[in-house]
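User: I'm new to this one and would like to walk through it piece by piece. Can we take it as a set of short questions?

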Amino acid sequence: MIPTKHLLHPDYQFHQLSLEHIPKQKQFLAQQLITDPQLKRHTHTCCPLCSHNQVSLLATICRDGFPLDTVLCHHCGLIYSLSIYSPESMAHFYTTYYRIL
């Protein structure tokens with residue numbers, strides 16, 4: 001599934017893997033998140049609600065500035081993250097990183 005690019009605003013675009021846009025106090029944590037082998041992602045191949053595969057790209061970063069593609073399904077209108085952590089990775093993320101962010 002390749003999203004059609006329709007970014008809401010240039011501020012929501014991730015240009016390159018650089019930590020400069022992330023606040024100084026979070027840069028070390030960001031580096032840990034990017035390189036942590038226990039954080040494995042699953043990429044959706046279709047909408048998790050209606051199973052259609054035509055989407056528009058809304059943003060390429062999350063609210064904290066980390067890379068995360070957010071898309072809008074053309075069929076049902078669901079807005080979702082294109083790739084998500086596996087259940088095991090989510091548990092690791094929330095016990096290791098979440099409160100620090």
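User: Is A59 buried or exposed?
Analyst: This is a predicted model, so everything here is computed from it. A59 sits in strand β3. The cut-off for buried is under 20% relative accessible area, and A59 comes in at 8%, so the answer is buried.

User: How far apart in space are A59 and V71, C-alpha to C-alpha?
Analyst: Along the sequence, A59 and V71 are 12 residues apart. In space, their C-alpha atoms are separated by 7.1 Å.

User: What about T70, which strand is it in? And what is its relative accessible area?
Analyst: T70 lies in strand β4, which covers residues 67-73. Its contacts, leaving aside neighbours within four places in sequence, include A59 along with S56, L57 and L58. On the other end of that list are I79, Y80 and S81. T70 counts as buried, with a relative accessible area of 16%.

User: Let's zoom out. In what order do the helices and strands come?
Analyst: The protein has two helices and six strands. Of its 101 residues, 34% count as buried. Reading from the N terminus, the elements run β-α-β-β-β-β-β-α.

User: How much of the contact count comes from residues 24 or more positions apart?
Analyst: Take the contacts in the protein with a separation of 6 or more. Of those, residues 24 or more positions apart account for 61%.

User: Which element gives the most to the largest nonpolar core?
Analyst: In soluble globular proteins, nonpolar side chains tend to be buried together. Here the largest nonpolar core has eight residues: L29, A30, L33, L39, F66, Y85, F93 and Y97. With three residues, the top contributor to this core is α1.

User: How many residues are in the second core?
Analyst: This core is separate from the largest one. Among its members are V55, C73, Y80 and L82. Its residue count is seven.

User: Back to Y85 for a moment. Which residues is it in contact with?
Analyst: We leave aside neighbours within four places in sequence. Y85 belongs to the largest nonpolar core, as do L33, L39 and F93, and Y85 touches those three. The full contact list is L33, L39, K40, R41, M90 and F93.

User: Now for helix α2. Where around the axis do its buried residues sit?
Analyst: Helix α2 spans residues 87-96, and S89, H92 and F93 are buried there. They cover an arc of only 100 degrees around the axis, which puts them on the same side of α2.

User: And which exposed residues are on the face of α2 turned away from its buried side?
Analyst: That face of α2 points away from the buried side. The exposed residues it carries are P87, E88 and T95.

User: How does A91 count, given its relative accessibility?
Analyst: A91 is also in helix α2. Its C-alpha is 9.5 Å from that of L39, with the two positions 52 residues apart in sequence terms. The range for the middle class lies between 20% and 50%, and A91 is at 44%, so it counts as partly exposed.

User: How long is the polar contact between the side chains of Q38 and H92?
Analyst: Q38 is in the loop between α1 and β2, and at 46% relative accessibility it counts as partly exposed. Q38 and H92 are 54 residues apart along the chain, yet their C-alpha atoms are separated by 7.2 Å. Leaving aside neighbours within four places, Q38 is in contact with S89 and H92. The polar contact joining the side chains of Q38 and H92 is 2.7 Å.

User: D36 is buried and has no salt bridge, so which side chain of opposite charge is nearest, and how far away?
Analyst: D36 is in the same loop as Q38, the one between α1 and β2. The D36 side chain reaches the backbone nitrogen of Q38 at 2.8 Å, and a polar contact of 2.6 Å joins it to the side chain of Y97. A salt bridge needs a distance within 4 Å, and the nearest side chain of opposite charge is K40, at 7.6 Å.

User: Last one: what is the phi of S51?
Analyst: S51 is found in the loop between β2 and β3, and it is exposed, with a relative accessible area of 53%. Most residues other than glycine have a negative phi. S51 is not a glycine, yet its phi is positive, at about 70 degrees.

Methods. Residues numbered from 1 in each chain as written. Predicted model: local features only at pLDDT ≥ 70, side-chain atom pairs only at ≥ 80, totals over all residues. Heavy atoms only, no water. Helix = DSSP H or I, 4+ residues; strand = E, 2+ residues; numbered from the N terminus. Buried < 20%, exposed > 50% of the residue type's maximum accessible area, 1.4 Å probe, protein only. Lys, Arg positive; Asp, Glu negative; His and termini not counted. Polar contact = N/O pair within 3.5 Å; in protein donor to acceptor, adjacent residues only side chain to side chain. Arc of directions from axis to C-beta. Core = buried A, V, L, I, M, F, W, Y, C linked by side-chain atoms within 4.5 Å. Contact = heavy atoms within 4.5 Å.
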